[in-house]
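Visitor: I would like to learn how to read a model of this kind, feature by feature. Could we take the general idea each time before turning to the case at hand?

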Amino acid sequence: MSMWQVVGQTRAVSLLQHSLERGSLAHAYLLIGPAHVGKMTLALNLAQALNCQASEPPCGECASCQKIALAKHADVQIIGLTSDGNSAEAKPRAEISIDQIRQMQHSASLPPFEGRYKVFIVDGAEQLSTEAANCLLKTLEEPVGKVIFILLATNERLLPPTVVSRCQRLELPPLAATEVEAALNSGWGIEPQKAKLLARLSHGCLGWAISAAYDDGLLQQRAQQLDRLLDIINADYEERFAYAAQLAAQFSQNRGWVQGILDLWLDWWRDLLLVKVDCNDAIINIDRSATLIEKAKGYNLAQIRVFINNIQAAGEQLRLNANPQLVLETLMLSIPGSRGEMRETSVQFEVNYG
Ligand SMILES: [Zn+2]
């Protein structure tokens, strides 16, 4: 029986399986899906299927399949931002260069060395420089036998439409939280409570959940960021502005990190909304359910909805290159005050003047 390692993604897998059986493979694929959803796993699986020595590929066990899994197969190459900077100090490049694509083209012009097919996986295809994308386009327009290109991308709008049109497009949607949870339990032996939390925090991206299961740093970081969020909700304007300035300063170097913080905020406020409408079972931050239940009492539904919209708008404005400090300060100003806090303030007021 063939062993596709990728979890879920039945549509993409069955399409590829059919193409393999009928011998009707495309010479280029574009795998679209969020980070850590399984694009690389599926790409490597396809490379295994193409070079597997067993009767029902990919077997996952033959020498060829194992070499590919360990990235040691001479005919399967991964091209990306870090493909030749293995040392930790090597600064990752900002884009995939035309030189990398030229090297790939040269390699593609040679016959397979040990397998049946040459497979080139372009990881983070949206990071192709314009020249590199144009250079790759030529290759895609003139397919050669026994060579398959697999492009991986999170956002196809960042790719030239000419490149997209030359590939067979396969979409890898996020998995259901229950699917991630089951995979963590059965495939990775993660204890049930942790699996449940990670599955929800992963937003359907199993790869993230697996990383977080083995690297406690990721959960610790989230805990710190959540604590900071709760502080900021109760903080005065001065502290909120200082926090906005801090995030804005980070933004120029690490956009992804700031977007990650906004996503965390979004999850938190969506959870408050869910608690408010008695859907506690659906919340993401299950390890903080007691806090969520308590905090939800301080807001009405409209306040929560408005702030969720504001977080989403801020994220969109940042993506459109608005001034990060302005966007984040505006967001900080719009944090709704909870009824609990207002009561405390008025009590203080009475004490001061009474
Ligand atoms: Zn095999």
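Guide: Let us begin with the term salt bridge, which here stands for a side-chain nitrogen of Lys or Arg within 4 Å of a carboxyl oxygen of Asp or Glu. Please keep in mind throughout that this is a predicted model. The structure holds eight salt bridges, and one of them joins the side chains of K67 and E114, with 2.6 Å from N to O. This pair ties together distant parts of the chain, since K67 belongs to helix α3 whereas E114 sits in the loop between α4 (98-109) and β3 (118-123), 47 residues apart.

Visitor: Why do K67 and E114 count as partly exposed?

Guide: The class between buried and exposed begins at 20% relative accessible area and ends at 50%. K67 counts as partly exposed because its relative accessibility is 34%, and E114 is placed in that class because its relative accessibility is 34%.

Visitor: Where in the chain do the partners D216 and K194 lie?

Guide: The side chains of D216 and K194 meet in a salt bridge at 3.5 Å, N to O. This pair again links distant parts of the chain, with D216 in helix α10 (residues 216-234) and K194 in helix α8 (residues 192-201), 22 residues apart. D216 has a relative accessibility of 44% and therefore counts as partly exposed, and K194, at 22%, is also classed as partly exposed.

Visitor: How many residues apart are R319 and E316, which both lie in helix α14?

Guide: They are three residues apart in helix α14 (residues 301-319), about one turn of the helix, and their side chains form a salt bridge of 3.3 Å, N to O. Salt bridges may also share partners, and in this way E156, R169 and E171 are joined into one network.

Visitor: What is the nearest side chain of opposite charge to D75, and how far away is it?

Guide: The cut-off of 4 Å for a salt bridge matters for this step. K118 is the nearest side chain of opposite charge, at 4.2 Å, and D75, although buried, has no salt bridge.

Visitor: Which backbone atoms does the side chain of D75 reach?

Guide: The side chain of D75 reaches the backbone nitrogen of F113 at 2.6 Å and that of E114 at 2.7 Å. E114 is thus a residue to look at from two sides, as its own side chain pairs with K67 in the salt bridge described above. D75 itself is placed in the loop between α3 (63-69) and β2 (76-79), and its contacts, leaving aside neighbours within four places in sequence, include P112, G115, Y117 and V119.

Visitor: How should I read the metal site, and which residues coordinate the zinc ion?

Guide: With a metal, one identifies the donor atoms, then turns to the angles between them. The SG atoms of C52, C59, C62 and C65 coordinate the zinc ion at 2.2 to 2.4 Å, and along the chain these donors follow the spacing C-x6-C-x2-C-x2-C. The arrangement is tetrahedral because the four donor atoms subtend angles of 102 to 118° around the zinc ion. Among these cysteines, C59 and C65 are buried.

Visitor: What does the chain look like as a whole, in its secondary structure and its span?

Guide: The chain has 16 helices and five strands, and its C-alpha trace spans about 90 × 45 × 35 Å along the principal axes. Of its 354 residues, 42% count as buried. Among contacts with a separation of 6 or more, 69% are between residues 24 or more positions apart.

Notes
Residues numbered from 1 in each chain as written. Predicted model: local features only at pLDDT ≥ 70, side-chain atom pairs only at ≥ 80, totals over all residues. Heavy atoms only, no water. Helix = DSSP H or I, 4+ residues; strand = E, 2+ residues; numbered from the N terminus. Buried < 20%, exposed > 50% of the residue type's maximum accessible area, 1.4 Å probe, protein only. Lys, Arg positive; Asp, Glu negative; His and termini not counted. Polar contact = N/O pair within 3.5 Å; in protein donor to acceptor, adjacent residues only side chain to side chain. Contact = heavy atoms within 4.5 Å. Donors = N, O, S within 2.8 Å, 3.2 Å for Na, K, Ca; no water. Tetrahedral: all angles 85-135°; square planar, octahedral: opposite > 155°, others 65-115°.
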